[in-house]
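Here are some notes to read beside the model. Take the points in order, and keep the 3D view open.

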Amino acid sequence: MRRIVFITAIVLSILLLSLFTPLCAHAYEESAEDLLLDKIDVTAVENAAGDTTKELGGVTKIASNTSGKLNELVDKAVSALPAILRTGVKNAAVILVISIFCGLADTLFRGGTSRSVPDTVSMAGCLAITAFALTDMDSCLSVGKKSIEQLCIFSKAVLPTLSSVAALGGYAVSSGVKYAASALFLDLLLTLSENVIVPLIYAYTATIVAECAFGGNSLSGISAFLKWLTTTVMTVVVLAFIFYLSISGIVSGTADAANIRLAKTTLSSTLPVVGGIVSDAASSVLTAASSLKSSIGIFGMLSVVAICLIPFLRIGVSYLLFKAASRLIMIFSSGRIPKLTSGLGSAFGLIVSMTGVCAIMTFFSLLSLIKTTGV
Amino acid sequence: MDLLIKGAAVCIGASVLALVLKKSNPEMSMLIGLLAAVMALAEALLLFTSVRDFLTGIEAASGISSVFYAPVLKALGLSLAAEFAANVCRDAGQGAAASAVEFLGVISALYVSLPLISSVMDMLGRLI
Amino acid sequence: MDIDLIFKIAAVGIIVAVLNLLLTRSGRDEQALMTTIAGLVVVLVIVVREISDLFQLIKSLFGF
């Protein structure tokens, strides 16, 4: 009789235990995320994102409403667009008027015997357009620099957080490597853009203005070279970053995957019943870590978009308008003024690509840290 | 259109008369041609006042300071005057005087654009 | 900017030319020369006034 009771008690306890395990694991999963949130300070990340991302809400709420938040960002940008367009069109109109004047002078004196006198009108027109465009370029450059700085600050807050969450999720080696690479290359880009790219853009503008205002074809080679140099510097940095990240990611990612598998099998094989529970709890921590990682990652990417969207619009509108004005001017006056306007548009394009390169690199590093398998 | 017809009529009539007087009184013929040119130019400039008002309207609407395109306007006026004077001198057969007036016109336009040049140099020189 | 001015000057010019021809034919060269110079001075005064008006117009129009 007592043996039957004893055996029933053992069977009952085994049954209860086996029922209890999934409940345990589930409870672990829910509280694991809270535990992680306690450990990892996401408020620093949210603060570093700045005012532009206050509307994005907190990190925890983001994953459930990503497309909604993205639509909100797009709406905000679209609503800011008319004001930007209005100022841009005003600028373009003034430039068109100045060039109409110069075209007028050109046609007036086309039958004249001398070319030197009406050339002075073209020179004055070129200088006026440049003076006007330089104020615009100054503000665009400061907007671009500010967004690059904001991107760097934000990345300094988000990348360590993301990499520590990824390390908690089991990808210690690769996350460390990727964080180091991203930090290195982003710092490199920041110093390069301040000390090399912005002076190059100024130099390119100066040569374009000198070439168009005072004539002379010798300067056209120099300006083309400067433009090529600027684009090459930016392309080289981005390509090197992506290349380095891919290689190091692949190498370290496989190591991490092997480590995780090894840890799991070791756990479950050494401890028979408890090992299963512990291993399940561990994977729930891993899952919670990965979901938190994707939340932080999504928040990071949306913040990058929010930081960069309106500056892009502003600089891009200037670029497009200058190029369009150049095409229009080419209709009624050939020669130096359309070339000048087109060159000024290219300078704006260089500013856009400078900001864009930084945004792409931040994006890419965030993406690689989120995935952490392979690249 | 009427203005153009009037100006064209004046110039054509004056040219014919100038040709008539060319053999006997060449100086008189040149003066007649000169007078016709002056009158036609004055008519054209009176038309230009409306363009200039349009420009002033744009300046007021866009809030751009006149520092930018005042030199362009002045250079246009200077080159107009210089070209006209040079051609008159050339009509009278004085090529040297004509080129001297042209040179004067170029120098004056440069002088007028000097503030613009210096402000552009300032803006570009901020990288140093 | 009257078209009459041109015709007035043209009339002066033609009169001066005809008088010049008549006086040279009748042998009074000095008087011929004096009429020519007189006519030239008159026309020159008018033309200089018109040119000055034109340049004033340019000056005021182009913002000097």
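**Notes on helix packing and chain contacts**

1. Start inside chain C. Helix 1 of chain C and helix 2 of chain C are roughly antiparallel to each other. This is a predicted model, so read every point below as a statement about a prediction. The two axes cross at roughly 170° and come within 8 Å. An angle over 145 degrees counts as roughly antiparallel, which is why this pair gets the label. The crossing of helix 1 of chain C and helix 2 of chain C is left-handed.

2. Now look at the side of each helix in that pair. From helix 1 of chain C (residues 3-25), the contact residues include C:L5, C:I9, C:V12 and C:V16. Helix 2 of chain C answers with residues including C:A32, C:G39, C:V43 and C:I46. By class, this contact has nine nonpolar, six polar and two charged residues. Find C:D29 and C:E50 too, since both belong to the helix 2 side of the contact.

3. Next, go from chain C to chain B. Helix 2 of chain C (residues 29-61) also packs with helix 3 of chain B (residues 70-91), the axes coming within 9 Å and crossing at roughly 160°. That makes helix 3 of chain B roughly antiparallel to helix 2 of chain C. Here the crossing is right-handed.

4. Which residues meet there? Helix 3 of chain B brings B:G77, B:L80, B:A81 and B:F84. Helix 2 of chain C brings C:L54, C:F55 and C:I58. The classes are six nonpolar, one polar and no charged.

5. Step back to the whole interface of chain B and chain C. In chain B, 33 residues are in contact with 28 residues of chain C. The two chains bury about 2800 Å² between them, and 87% of that is on carbon and sulfur atoms. How many salt bridges does the rule find across this interface? Zero.

6. Chain A and chain B come next. Their contact takes 34 residues from chain A and 32 residues from chain B. The buried area is about 2900 Å², with 84% given by carbon and sulfur atoms. Across this interface, too, the rule finds zero salt bridges.

7. One helix pair shows part of how chain A packs with chain B. Helix 6 of chain A (residues 172-214) and helix 4 of chain B (residues 95-124) have axes 10 Å apart, at an angle of about 160°. Helix 6 of chain A is therefore roughly antiparallel to helix 4 of chain B. The two pass in a left-handed crossing.

8. Zoom in on that pair. On the chain A side, find A:Y202, A:T205, A:A206 and A:F214. On the chain B side, find B:I117, B:M123 and B:L124. These contact residues divide into six nonpolar, one polar and no charged.

9. Where, then, are salt bridges found? The structure holds five over all chains. One of them joins the side chains of A:R314 and A:D136, at 3.6 Å from N to O. A:R314 lies in helix 8 of chain A (residues 274-332) and A:D136 in helix 5 of chain A (residues 116-168), so the pair ties together parts that are 178 residues apart in sequence. Side chains of opposite charge can pair when their charged atoms come close.

Technical notes:
Residues numbered from 1 in each chain as written. Chains lettered and ligands numbered in written order. Predicted model: local features only at pLDDT ≥ 70, side-chain atom pairs only at ≥ 80, totals over all residues. Heavy atoms only, no water. Axes fitted to C-alpha atoms, helices over the stretch in contact; angles between N-to-C directions. Helix = DSSP H or I, 4+ residues; strand = E, 2+ residues; numbered from the N terminus. Parallel < 35°, antiparallel > 145°, perpendicular 65-115°, else oblique. Left-handed = near helix turned anticlockwise from the far one by under 90°. Contact = heavy atoms within 4.5 Å. Nonpolar A, V, L, I, M, F, W, Y, C, P; charged D, E, K, R; others polar. Buried area = accessible area lost by both parts, 1.4 Å probe. Salt bridge = Lys/Arg side-chain N within 4 Å of Asp/Glu carboxyl O.
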